[in-house]
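The following exercises concern accessibility, packing and charged contacts. Each task is followed by a solution in steps. Please examine the sequence and the coordinates before reading on.

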Amino acid sequence: MITTHEAFDAFKRALETGHTADFLHKVTDDFHFFVPLPLEGWNRKQLGRERFEELVRFERSVFQMLLTPLIELENESYGMVVFSSEGMLNGRPFRNELTIVFEFEKDRIRSFREYVGMPLKNYETP
């Protein structure tokens with residue numbers, strides 16, 4: 001059984017380094033996710049491994065970040081992590097607290113949904 005800590009660690013590594021293989025090795029064939037980016041094409045459910053790789057490339061193109069887990073909770077079906085994200089976003093210092101909820105299916109990540117602690121206007125082109 002995959003743990004919330006393992007899932008978040010692989011997610012964190014993907015976003016911080018761009019290396020997605022470990023995270024993608026942990027997902028189901030019908031993997032999907034939602035991230036609340038206020039941008040066309042990202043403001044709905046996203047499907048599949050390739051789309052996750054696109055997310056990581058996009059995020060890393062505008063935001064060099066460090067993610068720090070603050071609270072982790074889990075049961076047999078879901079894992080939740082409250083975490084801080086800080087770094088440079090479009091050339092300006094940025095810090096936010098977010099929550100990610102992973103849905104597990106046996107020993108894999110079936111989905112995740114991210115919730116943001118503040119508006120993401122900084123993602124808009126300056």
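A residue is called buried when its relative accessible area is under 20%, exposed when that area is over 50%, and partly exposed in between. The model examined here is a predicted one.

**Exercise 1. A nonpolar surface patch**

Classify L70 as buried, partly exposed or exposed, and identify the surface patch to which L70 contributes.

*Solution.*
Step 1. Locate the residue: L70 lies in strand 3.
Step 2. Apply the cut-offs: the relative accessible area of L70 is 44%, so L70 is partly exposed.
Step 3. Identify the patch: L70, I71 and L73 together make a nonpolar surface patch of about 270 Å².

**Exercise 2. The largest nonpolar core**

Determine which residues touch the most other members of the largest nonpolar core, and which element supplies the largest share of this core.

*Solution.*
Step 1. Recall the general expectation: in soluble globular proteins, nonpolar side chains tend to be buried together.
Step 2. Rank the members by their contacts: the core has 32 residues, of which F11, F23, F52, F102, I109 and F112 touch the most other members.
Step 3. Assign the core to elements: those giving two or more residues include helix 1 (4-17), helix 3 (49-62), strand 5 (92-105) and strand 6 (108-116). The largest share, six residues, is that of helix 1.
Step 4. Inspect one member: with residues up to four places away in sequence set aside, F23 touches A7, A10, F11, F31, F52, F102, I109 and F112.

**Exercise 3. Two residues of strand 6**

Compare the accessibility classes of Y115 and S111, and list their contacts beyond four places in sequence.

*Solution.*
Step 1. Place both residues: Y115 is in strand 6, and S111 is also found in strand 6.
Step 2. Classify them: Y115 has 43% relative accessibility and therefore counts as partly exposed, whereas S111, at 9%, is buried.
Step 3. List the contacts of S111: beyond four places in sequence, S111 is in contact with F31, H32, V101, F102 and E103.
Step 4. List the contacts of Y115: under the same exclusion, Y115 touches L98, T99 and V101.
Step 5. Complete the surroundings of Y115: its side chain and that of R113 are joined by a polar contact of 3.2 Å. Although Y115 and F34 are 81 residues apart in sequence, their C-alpha atoms are 8.9 Å apart in space.

**Exercise 4. Salt bridges**

State how many salt bridges are counted, and trace the network that contains D22.

*Solution.*
Step 1. Fix the criterion: a side-chain nitrogen of Lys or Arg must lie within 4 Å of a carboxyl oxygen of Asp or Glu. By this rule there are 10 salt bridges.
Step 2. Begin at D22: the salt bridge between D22 and R13 has its closest N and O atoms 2.4 Å apart, and in that between K26 and D22 the closest N and O atoms are 3.3 Å apart.
Step 3. Extend the network: D9, R13, D22 and K26 are linked by salt bridges.
Step 4. Classify three of these residues: D22, at 28%, counts as partly exposed, and R13, at 32%, is partly exposed. K26 has 17% relative accessibility and so counts as buried.
Step 5. Examine another pair: R44 forms a salt bridge with E40, with the closest N and O atoms 3.9 Å apart. Here R44 counts as partly exposed at 46%, while E40 counts as exposed at 69%.

Technical notes. Residues are numbered from 1 along each chain as its sequence is written. This is a predicted model: local features need pLDDT of at least 70, side-chain atom pairs count only at pLDDT 80 or more; totals for chains, interfaces and linings use all residues. Side-chain values use heavy atoms; hydrogens and water are left out. A nonpolar core is a set of buried Ala, Val, Leu, Ile, Met, Phe, Trp, Tyr and Cys residues joined through side-chain atoms within 4.5 Å. Buried means under 20% relative accessible area, exposed over 50%, partly exposed in between (1.4 Å probe, protein chains only). Helices (H or I, at least four residues) and strands (E, at least two) are DSSP runs, numbered from the N terminus. Contact means heavy atoms within 4.5 Å. Patches are made of residues with over 30% relative accessible area and no salt bridge: like charges are joined within 9 Å, nonpolar side chains (Val, Leu, Ile, Met, Phe, Trp, Tyr) within 5 Å. Accessible areas come from the Shrake-Rupley method with a 1.4 Å probe; for residues, only the protein chains shown count as cover. A polar contact is a pair of N or O atoms within 3.5 Å; within protein, one must be able to donate a hydrogen and the other to accept it, and residues adjacent in sequence count only if both atoms are side-chain atoms.
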